[in-house]
Amino acid sequence: MMTRTLTLLLSACLAILLAACNTTPSFEADTDYDREFDFTEVTKINIQRPRRGESTASLLVSDMQINRIDDALAAELTSRGYELVPDADQADLLLSWHLVTQEKMDVRAYDSMSYYNCWRCGPPVSDISVREYTQGTLIVDLIDPSRYKSVWRGIVQSRMHPNASEQESANRRKEAARAIFSGFPPGAAPAT
């Protein structure tokens, strides 16, 4: 009886641990839009190819990464019923995006046990943890082609994970795209 209970308890703990490991990251997007623009007429969107500039930030994103981000944004838009058109002249909106990266440091201070390996056996020891990481900010603009002005913007930020597997990276791009468009079109009920 005790062995069966222990087996069930360990199985439940393992299931919880696996579920925690399989969760996808949760992104939150900041959005803004032109309240005068009529989004109800939008059905066709053209994704603009990011321009290569002379800055080092634009050199960090490879052509393969550009295609992967384009694909994630396209998949999210088509799942929401929008048609992607190859020609900007056919589009109701133009989609333009860019990725900004910034090196950051995470500094944390905390108290730990004394040198004697117990809490009350000596003076407390303060430890400082310093970790460097890259913060990525994906900015997506939807542009009215008749005025060539942005009418909607979505921004999502996250730590970059350079050692992530291809599947993990694909999941992060998909989740970021979903978060970016969670409030699009403005005034519509959020997609589930």
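**Figure 1. The whole chain at a glance.** The secondary structure of this chain comes to 4 helices and 6 strands, shown here in a predicted model. Starting at the N terminus, the order of elements is α-β-β-α-α-β-β-β-β-α. The chain has 192 residues, and buried residues make up 29% of them. Among contacts with a separation of 6 or more, 69% join residues that are 24 or more positions apart. The accessible surface comes to about 13,500 Å², and carbon and sulfur atoms hold 53% of it.

**Figure 2. A look into the largest nonpolar core.** This core has 27 residues, and the members that touch the most others are Leu95, Trp97, Val140 and Phe181. At least two residues come from each of helix H3 (63-79), strand S4 (93-112), S5, S6 and H4. Helix H3 is the biggest giver, with 5 residues. As general background, nonpolar side chains tend to be buried together in soluble globular proteins.

**Figure 3. Close-up of valine 140 and its contacts.** Which residues does valine 140 touch, leaving aside its neighbours within four places in sequence? The contacts are Leu73, Leu95, Ser96, Trp97, Trp152, Arg153, Gly154, Ile180 and Phe181. Three of these names may look familiar from the core view: Leu95, Trp97 and Phe181 are, with Val140, the members that touch the most others there.

**Figure 4. Helix H4, end to end.** At 1.5 Å a residue, the 15 residues of H4 should span 21 Å, and the C-alpha atoms at its ends are indeed 21 Å apart. The buried residues of H4 are Ser169, Arg172, Glu175, Ala176, Ala177, Ala179 and Ile180. Within this helix, arginine 178 and glutamate 175 form a salt bridge, with 3.2 Å between the closest N and O atoms. The two are 3 residues apart in H4, so about one helical turn separates them. Are these partners buried or partly exposed? Arginine 178 is partly exposed, at a relative accessible area of 36%, whereas glutamate 175 counts as buried at 16%.

**Figure 5. Salt bridges that reach across the chain.** The whole structure holds 10 salt bridges, and this view picks out a few. In one of them, glutamate 166 pairs with arginine 68, their closest N and O atoms being 3.9 Å apart. This pair links distant parts of the chain, since glutamate 166 sits in helix H4 and arginine 68 in helix H3, 98 residues apart. Glutamate 166 is partly exposed at 45% relative accessibility, and arginine 68 is partly exposed at 33%. Another salt bridge joins the side chains of aspartate 63 and arginine 49 (3.8 Å, N to O). Aspartate 63 belongs to helix H3 and arginine 49 to the loop between strand S2 (44-47) and helix H2 (56-59), so this bridge ties together parts 14 residues apart in sequence. Aspartate 63 is partly exposed at 44% relative accessibility, as is arginine 49 at 45%. A network of salt bridges also links Asp34, Asp144 and Arg147.

**Figure 6. Two backbone details worth a second look.** Most residues other than glycine have a negative phi, and most peptide bonds are trans. Tyrosine 148 has a positive phi, near 50°. This tyrosine lies in the loop between strand S5 (125-144) and strand S6 (149-159), and tyrosine 148 is partly exposed at 47% relative accessibility. The peptide bond from phenylalanine 184 to proline 185 is cis, with omega near -5°. Proline 185 is found in the segment after helix H4 (166-180).

Definitions and conventions:
Residues numbered from 1 in each chain as written. Predicted model: local features only at pLDDT ≥ 70, side-chain atom pairs only at ≥ 80, totals over all residues. Heavy atoms only, no water. Buried < 20%, exposed > 50% of the residue type's maximum accessible area, 1.4 Å probe, protein only. Core = buried A, V, L, I, M, F, W, Y, C linked by side-chain atoms within 4.5 Å. Contact = heavy atoms within 4.5 Å. Expected span 1.5 Å × (residues − 1). Areas by Shrake-Rupley, 256 points an atom, 1.4 Å probe, with all protein chains shown as cover. Salt bridge = Lys/Arg side-chain N within 4 Å of Asp/Glu carboxyl O.
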